[in-house]
Amino acid sequence: MAKNIQAIRGMNDLLPSQSPAWQYVEGVLRQVASAYSYEEIRMPVLESTDLFKRSIGEVTDIVEKEMYTFDDRNGDSLTLRPEGTASCVRAGNEHGLLYNQTPRLWYMGPMFRHERPQKGRYRQFHQFGIEAFGMPGPDIDAEIILLSARLWKAFGIEDQVELQLNSLASNEARANYRDALREFLRAHEAELDEDSQRRLDSNVLRVLDSKSPQTQAILANAPRLSDYWDDESRDHFEGLCTRLDAAGIRYTLNERLVRGLDYYNRTVFEWVTTELGAQGTVCAGGRYDGLVEQLGGKPTPGVGFAMGIERLVLLLEAQGKIPSSRSTDLYVMAGNAEAELIVLRVAEQLRDGQIGLKVQVHSGSQALKKKLNKADKSGAEYGLVVFMDGGIETYQLKHLRDRDQADQEFTQIDAVIRAL
Ligand code: HAM
């Protein structure tokens, strides 16, 4: 027997039993995005490798060790997108969507990172992302946070997520802070964990993210980023906090929140939950005012976030917040041989008569008892047995979920539709 071919590790099939949850989640995401007048953009999953190197940053985990990069048949280096922001900016620049305009965009789709798979962390995962361009003020930062908060409410998980907020200030302020932090950590170099020692030169801000308790203990006395904030960034951050306060959004200030992608400045935020173990960040984002220019466009500010749909679905499942749904409302079958030829036409009439009705037609000509068994297994609310006798059609409606209810007999299809 031929050997079975398996899916790539960390890349999951979404099975029919799981798709109702995903359809529900995607539906709510679309609805809420459009309630804020955001428009959808779809970008390709493959881009030039340079796009991600130049945006996410050469010395980030994503670019250093997580990208799926290969040369195509022309010898061009291509990469499966590890995130959507860079592609969105590339598309915006390429199609003239950004300059002197204020597009508010959303996207949804698969992203690829070669990480170690575990619960909530996959090699192909899906993001819902928001990006807003051309608006420099804190009002738009607040708007996208309100949009995300509305999503939690719509899903009924507002008590399971917490908003963490920080400002990375201007590039100059951050550079000064980087120097100060490096100088401080240098004095403790030998006590730092290995990753942090390596990052001392390459990406010292990421040391703040270290999971090592010993490194964290050292950081307790380190210089603070907020002491290096420039005045404009401080005003911006206060403007954001005031608007969130006015809208009743709770948040925690987290000075250690620096994010793993290089393009951010000023506002950064994450929505975290304690319900998913180690992979607790369900949504993350911030401002990236230099990115459009860095990728060849005219200077244009931007701000956005992305949420991991797998993590969101896991959280909703854990909280029992996925509404139940059924794939079949009505199971239609022939009751005698003559009716076999007309059941498909009857099902069409039923679909015409009640838009949205989920009708499944039995395939094959087994004994009626077998058909009824299948009808029951389908989970349908009703079964409809169609009879044809000397050219006369009759219908028997069965209440599959409530066997106490008597079958109903009809001679007109319209009457069946009214009875559903
Ligand atoms: P990120 O923090 O790299 O940011 O990813 C955003 C979210 O995607 C994470 O919080 C998490 O929920 C989900 N995610 C990331 N990696 C994985 C994985 N391996 N498996 C499952 N879920 C994952 C960005 O991607 C930025 N582009 C966000 C952004 C948009 N900033 C501004 N605009």
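These legends walk through several close-up views of a predicted model.

**View 1. Helix α9 and its surroundings.**
Welcome to helix α9, which runs over residues 231-246 and has 16 residues. From its first C-alpha to its last, α9 reaches 22 Å, close to the 22 Å expected at 1.5 Å a residue. Which residues of α9 are buried? They are S233, H236, F237, G239, L240, C241 and L244. These buried residues pack against one helix, α5 (138-155), and against the strands β7 (162-167), β8 (252-253), β9 (265-272) and β10 (281-287). Just after α9 comes G248, with a positive phi of about 75°.

**View 2. Where α5 meets α9.**
Here we stay with α9 and look at its partner helix α5. Their axes come within 8 Å and cross at roughly 40°, and the two helices are therefore oblique to each other. The crossing of α5 past α9 is right-handed. On the α5 side, the residues that take part are P138, D139, D141, A142 and I145. On the α9 side, they meet H236, G239, L240, R243 and L244. Sorted by class, the contact holds five nonpolar, two polar and three charged residues. Look out for H236, G239, L240 and L244, which are also listed among the buried residues of α9.

**View 3. The crossing of α1 and α11.**
Now for another helix pair: α1 (residues 19-35) packs with α11 (residues 309-318) at an angle of about 110°. Their axes lie 11 Å apart. How are α1 and α11 oriented to each other? They are roughly perpendicular, because an angle of 65 to 115 degrees falls in that class. This crossing, too, is right-handed. Helix α1 brings A21, W22, V25 and L29 to the contact, while α11 brings I309, E310, L312, V313, L316 and E317. These residues divide into eight nonpolar and two charged, with no polar ones.

**View 4. G10, in the segment before α1.**
Step back along the chain from α1 and you find G10 in the segment before that helix. Is G10 buried or exposed? With a relative accessible area of 11%, G10 is buried, because buried means under 20%. Leaving aside residues up to four places away in sequence, G10 touches P117, Y122, R123 and Q124. The C-alpha atom of G10 is 8.1 Å from that of Q118, although G10 and Q118 are 108 residues apart along the chain.

**View 5. Q127 in strand β6.**
Strand β6 spans residues 124-133, and Q127 lies in it. Q127 has a relative accessible area of 9% and is buried. What does Q127 touch, not counting residues up to four places away in sequence? Its contacts are E83, G84, Y107, M108, G109, M111, R113, A306, M307 and I309. One of these, I309, may be familiar from View 3, as I309 of α11 also takes part in the contact with α1.

**View 6. F70 in strand β3.**
Our last stop is F70, whose place is in strand β3 (residues 68-71). F70 counts as partly exposed, at 37% relative accessibility. Apart from residues up to four places away in sequence, F70 touches L46, D76, S77 and L78. How far is F70 from I355, taking their C-alpha atoms? The separation is 47 Å, and the two residues are 285 residues apart along the chain.

Conventions
Residues are numbered from 1 along each chain as its sequence is written. This is a predicted model: local features need pLDDT of at least 70, side-chain atom pairs count only at pLDDT 80 or more; totals for chains, interfaces and linings use all residues. Side-chain values use heavy atoms; hydrogens and water are left out. Helices (H or I, at least four residues) and strands (E, at least two) are DSSP runs, numbered from the N terminus. The expected span of a helix is 1.5 Å times one less than its number of residues. Buried means under 20% relative accessible area, exposed over 50%, partly exposed in between (1.4 Å probe, protein chains only). Contact means heavy atoms within 4.5 Å. Axes are lines fitted to C-alpha atoms, for helices over the stretch in contact, and angles run from 0 to 180 degrees between N-to-C directions. Angles under 35 degrees count as roughly parallel, over 145 as roughly antiparallel, 65 to 115 as roughly perpendicular and the rest as oblique. A crossing is left-handed if the near helix is turned anticlockwise from the far one by less than a right angle, and right-handed if clockwise. Ala, Val, Leu, Ile, Met, Phe, Trp, Tyr, Cys and Pro count as nonpolar, Asp, Glu, Lys and Arg as charged, and the others, Gly among them, as polar.
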